[in-house]
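Here's a quick tour of this one, starting from a single side chain and working outwards. Have the structure open as you read.

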Amino acid sequence: MAEDNVLSQRIKELYNAFFVRDWSPLMGAILIAFFAVLMEAWYRPWGIVGGLRNWADWFFYLIGLYEDEPPHVLWFSSSVMNIGFIAGAFISALMSRNFAFRIPPTLEIIKGFVAGILMGIGASLAMGCNIGGFYVAIQNLAANGLLMFIGLIFGTMLGLKYLIWEMNHFFPSGGREIGPPRNAEPYIGVLCIVALFVAAYMYMGSDMDDAELMAGYLLIGSALGFTMHRSRLCMVNGLREPFMTGDAKMGKAVMLSIILGAIGVAILKYQGLRAEELYVTPTFGLGALLGGFIFGAAMVVAGGCGSGSLWRVGEGQLKLWIVAITFGLTNSIVRHLFAEYDVIEEGYLGKAIYLPDYLGYGGTLFLITAIMIIWYIIIDWNEETNKMVFEI
């Protein structure tokens, strides 16, 4: 083979490996843990719902329902993370020639509305979705994250029960796709990559306060979105599949990611590089448990959790657009009601429990690792026996 052909073949193989073939969930889990710790090392933990709520706050402010002007969407950390996250998933979808506006059947649209509302309520109670209230909360050594994990498991079981009932009574049909020409998608993707770095460069060159931080949020957020889309890493699947098909691959990956992230964040906090109270919310009680239950049931019906909904927004799934919009709007309203009646300040949602205050850093990491390994063993055993799989 001529040298030029060999070079062309190698470039094509590299492109396919990086942009076309799905990455393994295990690889995605390790990278997600790395980028989550990197985000926290940059300045603050990764979050989803705060950005959605900021966008919803602007909607209610512009129609006159709220009096106070929210922070600007381009200068609010969680909002910029979400913009980067969606951009990363969008770029991944384009580069793999997988982007299209996917219009769902009517039943899926209705489910998207209802599930989004419930996700907004659940995330309000837990003061975070599956990322801020569970994944990142555990990594930040907060007891409320472990309690939300329990709520998510039982909520997932309820949501799956509904899906099984629906499959036996409804037979949705329809749905279609509209997208750009497949051959044009990689070129649009390259333009988006350039635009992303230009936006980061403009942040770095700005005289505004915290401008350089925004550049980091944007780029690390895009790395998270790109990685989640390439690996199809989905926490809904991780919690649902053990009960639906018995497949434990995604669940094991999520458990590993939590352990790796907890070790990384523990080092940051132990060394005093980040405040111990960071992402330790007063929800260890009704908030995390009930919020996790409601959110878990709703995310199964929605077909995406907080992060899963956003990366599917980036690949054009309009049902998840509906989920994300109703999720943010509901969360905004409920959190404003909470503020009106001092729900969080009065401790109705629970207490803030920082586990190292009771167990030390070593004991806390041992507890988190032990819980994740126990869950790992359970779903691994179930993968062989199907003892926990629901009958369809």
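## Starting with a buried charge

Let's begin with Glu-108, which counts as buried because its relative accessible area is 15%, under the 20% cut-off. Keep in mind that this is a predicted model.

What does Glu-108 pair with? Its side chain meets that of Lys-319 in a salt bridge, at 2.6 Å from N to O. Glu-108 sits in helix H5 (residues 106-126) and Lys-319 in helix H14, so to speak a link between distant parts of the chain, 211 residues apart. Lys-319 is buried too, with a relative accessible area of 10%.

## More salt bridges

Helix H5 also holds Lys-111, which reaches Glu-166 in helix H7, 55 residues apart. The closest N and O atoms of Lys-111 and Glu-166 are 3.1 Å apart, and both residues are buried. Elsewhere, Arg-102, Glu-177, Arg-182 and Glu-185 are joined into one network by salt bridges with shared partners.

Then there's Arg-230 with Asp-22, a salt bridge at 3.5 Å, N to O. Arg-230 is in helix H9 (residues 211-231), while Asp-22 is in the loop between helix H1 (3-20) and helix H2 (25-42), so this pair ties together parts 208 residues apart in sequence. Is each partner buried or exposed? Arg-230 is buried at 1% relative accessibility, whereas Asp-22 is exposed at 54%. The salt bridge count comes to 12.

## Out on the surface

Two patches are worth a look. Ile-150, Phe-154, Leu-158, Leu-286, Leu-289, Leu-290 and Phe-293 make up a nonpolar one, with about 610 Å² of accessible area together. Helix H7 (143-169) and helix H12 (286-302) are the elements that each give two or more residues to it. H12 contributes the most, with 4 residues; Leu-286 is found in that helix.

The other patch is negative: Glu-340, Asp-342, Glu-345 and Glu-346 gather there. Glu-346 lies in the loop between helix H14 (318-340) and helix H15 (356-385), and counts as exposed at 52% relative accessibility.

## The whole chain

Stepping back, the chain has 15 helices and 2 strands. The radius of gyration is 21 Å, close to the 21 Å that the globule rule gives for 392 residues, so the chain is as compact as a globular protein of that length. Its C-alpha atoms fill a box of roughly 70 × 60 × 50 Å along the principal axes.

Buried residues make up 53% of the 392. Among them is Val-236, at a relative accessible area of 1%, in helix H10 (residues 235-244). The C-alpha atoms of Val-236 and Asn-130 are separated by 9.2 Å, with their positions 106 residues apart along the chain.

Note on methods. Residues are numbered from 1 along each chain as its sequence is written. This is a predicted model: local features need pLDDT of at least 70, side-chain atom pairs count only at pLDDT 80 or more; totals for chains, interfaces and linings use all residues. Side-chain values use heavy atoms; hydrogens and water are left out. Patches are made of residues with over 30% relative accessible area and no salt bridge: like charges are joined within 9 Å, nonpolar side chains (Val, Leu, Ile, Met, Phe, Trp, Tyr) within 5 Å. Accessible areas come from the Shrake-Rupley method with a 1.4 Å probe; for residues, only the protein chains shown count as cover. A salt bridge is a side-chain nitrogen of Lys or Arg within 4 Å of a carboxyl oxygen of Asp or Glu. Lys and Arg count as positive and Asp and Glu as negative; His and the chain ends are not counted. The place of a charge is taken as NZ of Lys, CZ of Arg, CG of Asp or CD of Glu. Buried means under 20% relative accessible area, exposed over 50%, partly exposed in between (1.4 Å probe, protein chains only). The radius of gyration is taken over C-alpha atoms; the globule rule is 2.2 Å times the number of residues to the power 0.38.
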